[in-house]
Amino acid sequence: MNHNEKIDLLEEIIDDHSLCGLMELIAEVCSTKADHILSSYDDEETAKIWDGYAAGFLAQASISAKLPQIKQQ
């Protein structure tokens, strides 16, 4: 998938789920990655970093929920 296709896909996700929804999905991926790192590599330090990313995206998602949304026609 080239760069423009990735951008189009992200825009489609935002259109379907809002920017807040996209950030919640990213937070879930970060949390899953943290769990995988901890269970597969027993690397608490790196897992903690990924959990921090998850928390940051969730915090930002709650702020972004207040952003105006463009209604699709």
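Buried here means under 20% relative accessible area, and the model in question is a predicted one.

Q: What share of the residues in the chain is buried?
A: The chain has 73 residues to go through. Counting those under the 20% cut-off, the buried share comes out at 18%.

Q: How many helices and how many strands are in the chain?
A: Start with α1, which covers residues 3-41, and then α2, which covers residues 44-64. Strands don't show up here, so to speak: the tally is two helices and zero strands.

Q: Are α1 and α2 roughly parallel or roughly antiparallel to each other?
A: Their axes sit 8 Å apart, and the packing angle is about 165°. Anything over 145 degrees counts as roughly antiparallel. The two helices are therefore roughly antiparallel.

Q: Is the crossing of α1 and α2 left-handed or right-handed?
A: The contact behind this crossing pairs α1 residues including L19, M23 and I37 with α2 residues including W50, F57 and A61. By class, it has 16 nonpolar, four polar and four charged residues. As for the hand of the crossing, it's left-handed.

Q: Is L58 buried, partly exposed or exposed?
A: L58 belongs to helix α2. Its relative accessible area is 47%, and partly exposed is the band between under 20% and over 50%. That makes L58 partly exposed.

Q: Which residues is L58 in contact with, leaving aside its neighbours within four places in sequence?
A: Over in α1, I26 is 32 residues away along the chain, with 8.7 Å between the C-alpha atoms of I26 and L58. Contact calls for heavy atoms within 4.5 Å. On that test, the partners of L58 are E24 and A27.

Note on methods:
Residues are numbered from 1 along each chain as its sequence is written. This is a predicted model: local features need pLDDT of at least 70, side-chain atom pairs count only at pLDDT 80 or more; totals for chains, interfaces and linings use all residues. Side-chain values use heavy atoms; hydrogens and water are left out. Axes are lines fitted to C-alpha atoms, for helices over the stretch in contact, and angles run from 0 to 180 degrees between N-to-C directions. Helices (H or I, at least four residues) and strands (E, at least two) are DSSP runs, numbered from the N terminus. Angles under 35 degrees count as roughly parallel, over 145 as roughly antiparallel, 65 to 115 as roughly perpendicular and the rest as oblique. A crossing is left-handed if the near helix is turned anticlockwise from the far one by less than a right angle, and right-handed if clockwise. Ala, Val, Leu, Ile, Met, Phe, Trp, Tyr, Cys and Pro count as nonpolar, Asp, Glu, Lys and Arg as charged, and the others, Gly among them, as polar. Buried means under 20% relative accessible area, exposed over 50%, partly exposed in between (1.4 Å probe, protein chains only).
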